[in-house]
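Take a look at the model below. This report covers its domains first, then the way its chains meet.

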There are 2 protein chains.
Amino acid sequence: MAKDLPVSPLAVSMPDLPAVGGVRFATAAAGIRYRGRDDVLLAAFDPGTTVAGVFTRNKCPGAPVSWCREILPGGVARGLVVNAGNANVFNGAAGAAAARLSAESAARVLGCPAEEVFLASTGVIGEPMPAERIVAVMDALAAGLTPDRWAESARAIMTTDTFPKAATRTARLGGVEVRISGIAKGSGMIAPDMATMLAFIVTDAALPAATLQALLGRGVGPSFNSITVDSDTSTSDTVLLFATGAAGNPPVTEARGLAAFRRALEEVLHDLALMVVRDGEGARKLIEVNVAGAVSARSARRVGLAIANSPLVKTAIAGEDANWGRIVMAVGKAGEPAERDRLAVAVGGVWMARAGRVVEGYDEAPVVAHMRGAEIRIDVDLGMGRGRARVWTCDLTHGYIDINGSYRS
Amino acid sequence: MAKDLPVSPLAVSMPDLPAVGGVRFATAAAGIRYRGRDDVLLAAFDPGTTVAGVFTRNKCPGAPVSWCREILPGGVARGLVVNAGNANVFNGAAGAAAARLSAESAARVLGCPAEEVFLASTGVIGEPMPAERIVAVMDALAAGLTPDRWAESARAIMTTDTFPKAATRTARLGGVEVRISGIAKGSGMIAPDMATMLAFIVTDAALPAATLQALLGRGVGPSFNSITVDSDTSTSDTVLLFATGAAGNPPVTEARGLAAFRRALEEVLHDLALMVVRDGEGARKLIEVNVAGAVSARSARRVGLAIANSPLVKTAIAGEDANWGRIVMAVGKAGEPAERDRLAVAVGGVWMARAGRVVEGYDEAPVVAHMRGAEIRIDVDLGMGRGRARVWTCDLTHGYIDINGSYRS
């Protein structure tokens with residue numbers, strides 16, 4: 001279990017998060033795995049809160065993911081319980097029972113049905129989940145619920161994260177100012193031991209669950225579904241969006257009325273997703289890959305992910321080597337429509353290859369300077385069509401091997 | 001450019017390779033990139049030699065791959081030219097011209113059409129191919145052709161390889177003993193800079209090109225197409241199989257008569273493929289992944305490759321950690337039919353998880369001892385059907401980062 005990792009050189013500081021009407025938080029030290037720190041978060045939502053969620057596509061999801069999927073169609077949330085240290089994955093029927101026990105315990109103190117309590121767990125997998133430790137701190141959690149606990153909440157859900165992650169925006173909705181705030185954790189796209197990606201966003205807007213789900217489903221595409229650290233997919237990835245309605249905005253039905261809210265939500269999702277990449281295990285460089293000229297957006301995305309997931313591209317960037325040959329290789333291996341002789345590649349905005357061959361005499365100096373920086377930009381133009389995509393990743397360094405390849409104690 | 005790497009701890013010594021009737025070899029130092037070593041191989045085949053080939057699926061292949069694909073339908077080979085140090089990839093029309101020049105130069109000394117000369121290049125990509133250096137040594141190569149140059153040939157095609165790779169078998173074909181010998185190079189599934197996978201196999205059997213192609217197409221499935229080092233796909237991967245006919249076996253048409261030959265060929269392909277994994281960049285452990293109980297063989301193979309390509313599984317094994325949780329994650333992310341509660345996982349033959357949960361009280365001692373060894377075996381049973389597959393990979397270590405992430409000089 002990796003501990004006391006140095007803070008990522010790509011870390012950003014946490015913004016001040018004002019209270020959001022309709023939600024209160026409490027954290028506690030349940031001792032599930034960690035000692036000397038809070039490891040459980042309880043969030044309480046006012047009656048009438050709606051909810052939307054997206055979850056891992058991994059075929060072996062954790063018990064909390066199965067629980068959330070089951071209750072999500074209700075569209076109503078009164079509580080959220082998150083723990084760090086044990087993911088409650090691959091625990092069979094005992095795992096499902098532990099999930100239910102946590103939800104029932106929170107439901108008791110919140111005065112709601114268990115089916116209105118959402119769950120997320122992150123940590124080791126295949127170890128029995130000691131839900132009784134969550135139950136044991138539930139009364140203390142309920143007694144401590146306060147609106148201004150965003151920072152503590154962001155810290156309580158961390159595992160191998162080296163910095164807490166939060167973002168906030170405001171927007172006009174139906175003539176009323178509403179706030180959207182969120183926290184996230186994650187430092188690999190996944191490491192089932194420790195580094196699942198979780199995000200919880202709360203707004204005081206009043207919006208029906210179906211509208212929320214449509215906004216979230218669209219919003220995760222260019223944010224959480226466009227980042228990759230190591231191509232692995234957690235068994236527990238969860239993004240939940242809650243709307244308490246405390247802002248009291250009038251009902252908004254037409255898409256045009258939602259535009260500002262949608263933009264603000266997408267900015268929050270984008271900020272949180274990039275923080276996860278910035279905390280990628282061992283990351284020293286944030287890499288943005290822009291693909292243009294693909295036959296479709298879907299094709300562009302696949303090419304972008306092939307580049308972003310290529311160990312050879314990622315190690316080259318760790319070595320500050322603008323190795324466009326490896327980028328060409330990654331484009332070719334994506335299996336998407338591409339033609340060698342139409343392909344162009346730029347690093348740091350300088351086109352190094354065009355029309356199937358190196359650009360003779362291109363100026364290497366700005367490229368070398370760019371590679372020494374902390375934020376690397378790769379542009380690829382396939383020259384085939386109008387499909388575009390943008391994805392983010394980090395470099396692959398000795399730090400990744402240290403964190404993930406260390407002997408288990 | 002990585003140099004003077006220590007020999008892989010998984011290296012195997014090269015077998016004695018007797019001459020194979022109908023083929024002669026010569027090597028020379030053309031100075032394409034390396035100094036002080038041979039870097040070009042010429043093989044000359046007797047008239048009547050048939051040929052089969054399989055090539056990279058990368059959409060941006062090198063000029064030599066395009067050349068071979070174009071002439072392969074002829075089914076006839078009189079020559080083979082291989083160079084190390086420059087892959088002749090992404091060089092536009094100049095690359096195609098360089099390939100043709102090499103083929104024509106060999107055709108001149110061998111007295112055959114250029115379209116009977118096969119080519120393979122490995123090394124850096126995007127740098128102009130100095131084919132004139134190959135032309136300059138062609139007369140010397142032709143003068144030096146001898147049948148017993150297998151060992152020198154295996155060495156001349158190395159790039160980041162830390163040991164030369166060769167295998168040989170005999171088989172009965174139509175009542176006659178025939179020999180099958182091959183050499184290979186490759187130390188990442190790919191690194192376009194240096195570590196493309198190439199293999200050349202020669203038999204003295206007399207077999208039509210169509211039969212050879214069928215045998216090779218089937219043979220690469222469980223060998224070269226079942227290994228992965230880093231999930232990347234070279235722009236130059238090439239496997240060529242030549243049959244000189246010097247053994248003088250009578251025509252064999254029925255499948256039953258080919259069985260012994262097919263087995264021997266598959267053993268040669270298997271040996272060579274595993275040597276490439278054993279020389280994986282930074283590899284310290286050879287990993288065999290067996291998948292059973294999948295809905296089909298194709299599905300089993302995808303699950304096996306998801307496990308073998310997972311950075312989290314590979315770093316865990318580098319750390320000698322029998323982390324079955326990461327194996328479960330990799331099964332789930334493959335996207336193939338799988339059910340958490342039917343899944344079983346074994347490491348070193350010891351079943352650690354069954355029916356969706358850890359096997360309580362399993363004996364950890366033999367697993368710990370197994371993880372300390374150089375050859376690791378993972379078994380996964382999905383419990384869904386009868387599909388099986390076996391794939392091989394190596395661990396992901398600091399050595400991989402050193403080799404691929406070092407500053408380019």
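## Two domains in one chain

In this predicted model, the centres of domain 1 of chain A and domain 2 of chain A are 33 Å apart, taken over C-alpha atoms. The two domains touch. Domain 1 of chain A gives 10 residues to the contact, and domain 2 of chain A gives 11 residues. On the side of domain 1 of chain A that touches domain 2 of chain A, 5 residues are nonpolar, 4 are polar and 1 is charged.

Where do the domains run? The domain assignment of chain A places domain 1 at 23-278 and domain 2 at 286-404.

## How the chains are related

Two copies of a chain are related by a rotation about an axis and a shift along it. Here, chain B superposes on chain A after a rotation of 180° with 0.0 Å of shift along the axis. The RMSD is 0.0 Å. That is the relation of a two-fold axis. In chain B, B:His398 has the C-alpha nearest the axis, 2.9 Å from it.

## Where the chains meet

Chain B has 55 residues in contact with 55 residues of chain A. On the side of chain B that touches chain A, at least two residues each come from α8 (311-318), α9 (324-333), β13 (357-358) and α11 (398-404) of chain B. Which element supplies the largest share of that side? α9(B) does, with 8 residues. By class, this side of chain B has 23 nonpolar, 20 polar and 12 charged residues.

Of the interface residues of chain B, 100% are also interface residues in chain A, so the copies meet through the same surface.

Conventions:
Residues are numbered from 1 along each chain as its sequence is written. Chains are lettered from A and ligands numbered from 1 in the order in which they are written. This is a predicted model: local features need pLDDT of at least 70, side-chain atom pairs count only at pLDDT 80 or more; totals for chains, interfaces and linings use all residues. Domain bounds come from an automatic or database domain assignment. Two residues are in contact if their C-beta atoms, placed from the backbone, lie within 7 Å. Ala, Val, Leu, Ile, Met, Phe, Trp, Tyr, Cys and Pro count as nonpolar, Asp, Glu, Lys and Arg as charged, and the others, Gly among them, as polar. Copies are superposed by least squares on the C-alpha atoms of residues with pLDDT of at least 70 in both. Helices (H or I, at least four residues) and strands (E, at least two) are DSSP runs, numbered from the N terminus.
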